[in-house]
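User: Could you walk me through this structure? I'd like to go over the contacts one topic at a time.

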There are 2 protein chains.
Amino acid sequence: MKFSKIPAVTITRLSIYSRCLETLAQEDVKIIASDKLAQKCGINPAQIRKDLAYFGEFGIRGVGYFVKELLFEIKRILGLNKTWKMALVGIGNLGLALVAHENFIRQGYEFVAVFDVDPAKVGRRLPSGQVIHNMDDLDQVVKEKGVEIGVIATPASKAQSAAYRFISAGVKALLNFAPIQLQVPEGMAVENVDFTVKLDNLAYHLTMAES
Amino acid sequence: MKFSKIPAVTITRLSIYSRCLETLAQEDVKIIASDKLAQKCGINPAQIRKDLAYFGEFGIRGVGYFVKELLFEIKRILGLNKTWKMALVGIGNLGLALVAHENFIRQGYEFVAVFDVDPAKVGRRLPSGQVIHNMDDLDQVVKEKGVEIGVIATPASKAQSAAYRFISAGVKALLNFAPIQLQVPEGMAVENVDFTVKLDNLAYHLTMAES
DNA sequence: AGATATCCGTGCAAAATTTCACAAATATTG
DNA sequence: CAATATTTGTGAAATTTTGCACGGATATCT
Ligand SMILES: NC(=O)c1ccc[n+]([C@@H]2O[C@H](COP(=O)([O-])OP(=O)(O)OC[C@H]3O[C@@H](n4cnc5c(N)ncnc54)[C@H](O)[C@@H]3O)[C@@H](O)[C@H]2O)c1
Ligand SMILES: NC(=O)c1ccc[n+]([C@@H]2O[C@H](COP(=O)([O-])OP(=O)(O)OC[C@H]3O[C@@H](n4cnc5c(N)ncnc54)[C@H](O)[C@@H]3O)[C@@H](O)[C@H]2O)c1
């Protein structure tokens with residue numbers, strides 16, 4: 001496990017570069033310099049070069065980077081040269097939007113199973129094809145389908161227990177939409193998506209700007 | 001404008017502390033030490049004290065912090081002693097979930113208007129009460145209702161134009177759900193909520209953990 | 001009351017991250 | 001082909017952020 005010393009922000013930025021490069025590739029841009037890419041991402045150009053330097057040399061001096069090649073390399077680094085299998089717990093308002101979102105599959109992420117406790121929902125088939133499973137079947141279904149990433153979209157009060165279910169089924173990565181800090185064993189990867197934190201940042205900024 | 005030297009991460013953490021303190025208040029915990037709070041948030045206790053020190057002294061040595069008092073102070077710092085008025089553009093799958101989310105109002109954020117281009121949607125009233133406006137009315141409605149935060153949930157290709165609309169209507173803060181980097185004038189506050197970036201982080205972690 | 005334990009606020013050092021600036025490599029121009 | 005212009009990759013400096021460790025304030029125990 002060469003966890004080495006690569007900063008988490010670097011990974012986050014790689015993801016942003018990848019996004020940007022995808023757009024450029026669509027626009028049929030062949031080559032791009034770190035300056036231009038930096039401008040597009042709102043990031044310092046030296047930063048981009050430093051980030052890439054953790055993983056190798058991908059550019060040509062005096063020229064720049066081949067868009068497609070760099071995109072391919074970044075995706076390889078991030079592990080996006082495969083499709084990751086996700087399962088969702090809590091198919092409410094947000095869960096439905098997530099499962100319906102067809103961009104995920106294009107990015108290499110697929111919902112292979114969904115779960116809920118609501119008896120009115122369990123057993124129904126979603127427009128995207130998945131049948132809503134009972135929570136009792138989580139362990140079995142997760143193992144059967146080889147789920148790698150667990151997505152939690154239950155009410156906050158149920159998120160921790162949902163996390164435990166995933167953990168004991170052997171899932172090693174969680175994406176949590178509930179506004180709580182999950183307690184997980186060492187070695188688990190947890191990412192929180194928290195809209196309110198972002199809103200609070202905006203509120204602070206607006207409040208400061210006034211004074 | 002005393003933008004001072006307060007790190008953005010500090011603001012983000014304040015938001016997390018506030019979340020945690022709210023839970024504690026509900027559990028009727030009166031007093032908490034930085035060590036305990038730190039544990040709950042997965043953060044170093046000195047960090048918490050440092051963060052708070054930017055804004056004043058809120059604790060009592062040998063005792064800790066009064067939960068309710070600290071919560072109040074943090075909310076005041078973040079500017080949450082008022083309700084912020086938001087408008088949403090793009091009432092699709094995600095937009096519907098956002099508008100339906102009743103936690104926002106509890107946290108001090110309210111959707112006072114929603115917009116879309118789809119003629120089939122414009123004019124309809126949502127269960128949460130708002131009528132879907134045409135994009136042409138954005139400028140007027142935003143000014144009329146005093147919208148302070150613009151939320152963008154359109155397809156990525158339309159997000160920049162939606163941003164322009166908000167900007168020219170005088171909105172100073174944007175919450176962007178589309179997976180692109182918005183170009184905005186100096187002084188605007190923009191926060192991106194990007195699920196895929198989070199997923200990419202998980203994918204990287206899982207890929208590394210294997211080797 | 002004195003001794004002991006707890007815990008905040010903060011100076012300072014360490015660690016992490018960002019940015020600069022320049023050599024080296026490639027391209028272009030006259 | 002030499003001179004000039006780009007642009008990467010990277011060491012070193014600058015900046016930011018984190019974490020330690022301790023003085024001082026408060027509480028508790030004997
Ligand atoms: N909707 C949003 O825009 C939004 C925004 C920010 C955060 N969130 C967070 O996302 C989560 C989901 O939000 P939502 O709006 O979809 O809520 P919701 O109430 O619409 O849906 C929750 C779903 O979880 C299911 N559920 C409840 N308990 C469960 C359990 N123990 N196991 C499995 N499933 C269970 C419910 O049956 C329901 O289908 C919440 O934590 C919310 O705070 C949502
Ligand atoms: N649904 C998700 O879970 C999810 C996840 C990650 C990111 N996103 C992003 O959020 C955004 C919205 O996603 P969605 O799933 O709700 O998409 P959607 O297609 O369901 O909804 C988009 C809505 O925007 C409206 N719209 C289109 N062009 C517009 C314009 N010019 N002005 C105003 N409104 C316009 C459409 O009529 C539609 O109602 C997208 O950028 C998407 O990439 C969504």
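Analyst: What follows goes through the chain interface, the ligand site and the DNA contacts, and please keep in mind that this is a predicted model.

User: OK, interface first. How many residues does each chain put into the contact?

Analyst: Chain A contributes 61 residues to the contact and chain B contributes 62 residues. The area buried between chain A and chain B comes to about 5,500 Å², with carbon and sulfur atoms giving 67% of that figure.

User: Why quote an area there?

Analyst: Because the size of an interface is often given as the accessible area that is lost when the parts come together.

User: And how many salt bridges are there across the interface of chain A and chain B?

Analyst: The rule finds two salt bridges across that interface, and one that can be named joins the side chains of R19(B) and D194(A), with an N to O distance of 2.6 Å. Counting polar contacts, there are 14 residue pairs across the interface of chain A and chain B, with both residues at pLDDT 80 or more.

User: Which helix gives the largest share of the side of chain A that touches chain B?

Analyst: That is helix α9 of chain A, residues 195-210, which supplies 15 residues of that side. By class, the side of chain A that touches chain B divides into 37 nonpolar, 15 polar and nine charged residues.

User: Switching to ligand 2. Where does ligand 2 lie?

Analyst: Ligand 2 lies between chains A and B. There are 24 residues around it, and those that come nearest are N93(B), L94(B), D116(B), K121(B) and T154(B).

User: Which polar contacts does it make?

Analyst: Among them are several from oxygen atoms of ligand 2 to the backbone of chain B: a polar backbone atom of T154(B) is 2.6 Å from such an oxygen, a backbone N or O atom of N93(B) lies 3.0 Å from one, and for A156(B) the corresponding distance is 3.5 Å. Taken alone, ligand 2 exposes 820 Å², and the protein buries 85% of that.

User: What's the shell made of?

Analyst: The elements that give two or more residues to the shell around ligand 2 are α5 (93-100) of chain A, together with α5 (93-100) and α8 (156-168) of chain B. By class, the shell has 15 nonpolar, five polar and four charged residues.

User: Now the DNA. Which residues are closest to DNA strand D?

Analyst: Of the 25 residues that surround DNA strand D, the closest are S34(A), R49(A), G62(A), Y65(A) and K50(B). Sugar and phosphate account for 66% of the strand's atoms that come within 4 Å of the protein.

User: Anything on the bases?

Analyst: A polar side-chain atom of R49(A) lies 2.7 Å from a base nitrogen of DNA strand D, and an N or O atom in the side chain of K50(B) is 2.3 Å from a base oxygen of DNA strand D. The side chain of Q47(B), by contrast, has an N or O atom 3.2 Å from a sugar or linking oxygen of DNA strand D. The largest share of the surface near DNA strand D, four residues, comes from α3(B).

User: And which element gives the most to the surface near DNA strand C?

Analyst: There α3(A) gives the most, with four residues. The side chain of R49(A) also has an N or O atom 3.3 Å from a base nitrogen of DNA strand C, while phosphate oxygens of DNA strand C are 2.5 Å from a polar side-chain atom of S34(B) and 3.0 Å from a polar backbone atom of G59(B).

Notes. Residues are numbered from 1 along each chain as its sequence is written. Chains are lettered from A and ligands numbered from 1 in the order in which they are written. This is a predicted model: local features need pLDDT of at least 70, side-chain atom pairs count only at pLDDT 80 or more; totals for chains, interfaces and linings use all residues. Side-chain values use heavy atoms; hydrogens and water are left out. A residue is near a molecule or strand if one of its heavy atoms lies within 4 Å of it. A polar contact is a pair of N or O atoms within 3.5 Å; within protein, one must be able to donate a hydrogen and the other to accept it, and residues adjacent in sequence count only if both atoms are side-chain atoms. Accessible areas come from the Shrake-Rupley method with a 1.4 Å probe; for residues, only the protein chains shown count as cover. Ala, Val, Leu, Ile, Met, Phe, Trp, Tyr, Cys and Pro count as nonpolar, Asp, Glu, Lys and Arg as charged, and the others, Gly among them, as polar. Contact means heavy atoms within 4.5 Å. Buried area is the accessible area (1.4 Å probe) that two parts lose on being put together, summed over both. A salt bridge is a side-chain nitrogen of Lys or Arg within 4 Å of a carboxyl oxygen of Asp or Glu.
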